[in-house]
Amino acid sequence: MTAIAPDIAETDRPRLAPGVMLRNDRRRGQWMLMGPERLLVLDEMALAVVRACVGPDIADVAAGIDRLSVEYDAPRTEIAGDVLEMLTDLRNKGYVVT
């Protein structure tokens, strides 16, 4: 039986998984996460979340949520739920690690 990893928390500091890169396909005008044998095209919101909350220079997810809340002039509680869900999904798919 495989244990299910807990959801990502605001105190986590996710980073791209080994071998995963954030790339811009200028020809198609798309940003994507590229990893060995996989590719995920990011929409505008997913790209904003990755840029705000993933990487070695990020304080923690909470700081990214605060930034997105101000940038999009949206309620923090609403953004927090969406961001945590998206990051958990990216982690479960192997694109980010905590």
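Here are a few friendly notes on helix α3 and on I65, a residue of helix α2, in what is a predicted model.

1. A good place to begin is α3 itself, which spans residues 76-92 and so counts 17 residues in the DSSP assignment. From its first C-alpha to its last, α3 reaches 24 Å, close to the 24 Å expected at 1.5 Å a residue.

2. Which residues of α3 are buried? They are I79, A80, V83, L84, L87, T88, L90 and R91. These residues lie on the same side of α3, because the arc they cover around the axis is only 160°. The general background helps here: an α-helix has 3.6 residues a turn, so residues three or four places apart point the same way.

3. Now turn to the face of α3 that looks away from the buried side: there you will find the exposed residues E78, E85 and N92.

4. What covers the buried residues of α3? The cover includes the strands β3 (30-35), β4 (38-42) and β5 (96-97), along with the helices α1 (44-53) and α2 (61-71).

5. For a view from α2, pick out I65, which sits in that helix. I65 counts as buried because its relative accessibility is 0%, where the cut-off is under 20%. Leaving aside residues up to four places away in sequence, I65 touches E10, C53, R76, I79, A80, V83 and L84. One of these, R76, is 11 residues from I65 in sequence, and the two C-alpha atoms are 7.0 Å apart in space.

6. Finally, have a look at what comes after α3: the helix is followed by G94, whose phi is positive, near 90°.

Technical notes:
Residues numbered from 1 in each chain as written. Predicted model: local features only at pLDDT ≥ 70, side-chain atom pairs only at ≥ 80, totals over all residues. Heavy atoms only, no water. Helix = DSSP H or I, 4+ residues; strand = E, 2+ residues; numbered from the N terminus. Expected span 1.5 Å × (residues − 1). Buried < 20%, exposed > 50% of the residue type's maximum accessible area, 1.4 Å probe, protein only. Arc of directions from axis to C-beta. Contact = heavy atoms within 4.5 Å.
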